[in-house]
Amino acid sequence: MPAAIPVVLDHKTFTSQNKARLHFSEMLHRYKVGETVSDVDRQELQSLLKHHPLHDATAAIDHIAVAKSGFGRECFMAVRPDCTTQRLSYVGCIRHSAQPEIEEEPHQPAPQQAAQGKELSPTPQRKAGKNKPRGKQ
């Protein structure tokens with residue numbers, strides 16, 4: 001089973017992407033289409049949105065509401081002061097904000113070869129398109 005990848009936001013940390021998805025899914029379904037999210041939920045959503053690579057940090061957000069997206073599903077929608085809107089995929093944001101725990105181990109030669117002082121020889125590589133034709137069988 002793969003290790004859980006934590007999602008770290010400004011003031012909240014989720015131990016896994018799945019827990020973050022459940023949290024924001026429950027948040028989305030607390031509201032009806034057209035309703036504006038509360039200030040607390042807005043802060044969490046803006047914290048999540050900051051980690052998305054396509055997010056424009058210089059663009060101000062007036063409020064976040066729930067709207068219909070493609071295929072009749074609901075989504076969060078950021079509304080800017082100039083009344084332009086942007087759909088927010090919390091699932092996409094979670095994918096981009098996940099912080100995998102990377103444990104780097106120093107490279108060490110195999111014990112048998114280290115004791116003998118020998119280096120590993122490279123594995124022979126086959127060149128693409130240079131296969132030898134087979135003889136008659």
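Visitor: Which helix gives the most to the lining of the largest cavity, and with how many residues?

Guide: Helix α2 gives the most, with three residues, where a helix is a DSSP run of H or I with at least four residues and a strand a run of E with at least two, both numbered from the N terminus. This is a predicted model, in which local features need pLDDT of at least 70 and side-chain atom pairs count only at pLDDT 80 or more, while totals for chains, interfaces and linings use all residues. Residues are numbered from 1 along each chain as its sequence is written, and side-chain values use heavy atoms, with hydrogens and water left out.

Visitor: Why is this space called a cavity, and the largest pocket a pocket?

Guide: On a 1 Å grid over the protein atoms alone, a cavity is a set of points where a 1.4 Å probe fits but cannot get out, whereas a pocket is an open set with protein on both sides within 12 Å along at least five of seven lines; lining residues have an atom within 4 Å of a point. The search of the whole structure finds one cavity of 30 Å³ or more; the largest cavity has a volume of about 40 Å³, a volume being the space filled by probe spheres set on points joined across faces, edges and corners. The largest pocket has a volume of about 240 Å³, and the second largest pocket about 160 Å³.

Visitor: What makes up the lining of the largest cavity by class?

Guide: Its lining, made up of Leu 45, Leu 48, Leu 49, Phe 76, Leu 88, Ser 89, Tyr 90 and Cys 93, has seven nonpolar, one polar and no charged residues. Ala, Val, Leu, Ile, Met, Phe, Trp, Tyr, Cys and Pro count as nonpolar, Asp, Glu, Lys and Arg as charged, and the others, Gly among them, as polar, so Ser 89 is the polar one. The lining of the second largest pocket, by contrast, divides into two nonpolar, four polar and four charged residues.

Visitor: Why are β3 and β5 said to stand at the edges of the sheet?

Guide: The open sheet has three strands in the order β3-β4-β5, with antiparallel pairing, and two strands pair if DSSP finds at least two bridges between them. Six bridges join β3 to β4 (residues 74-79). Strands β3 (63-68) and β5 (85-88) each have a single partner strand, so one side of each is left without a neighbour in the sheet.
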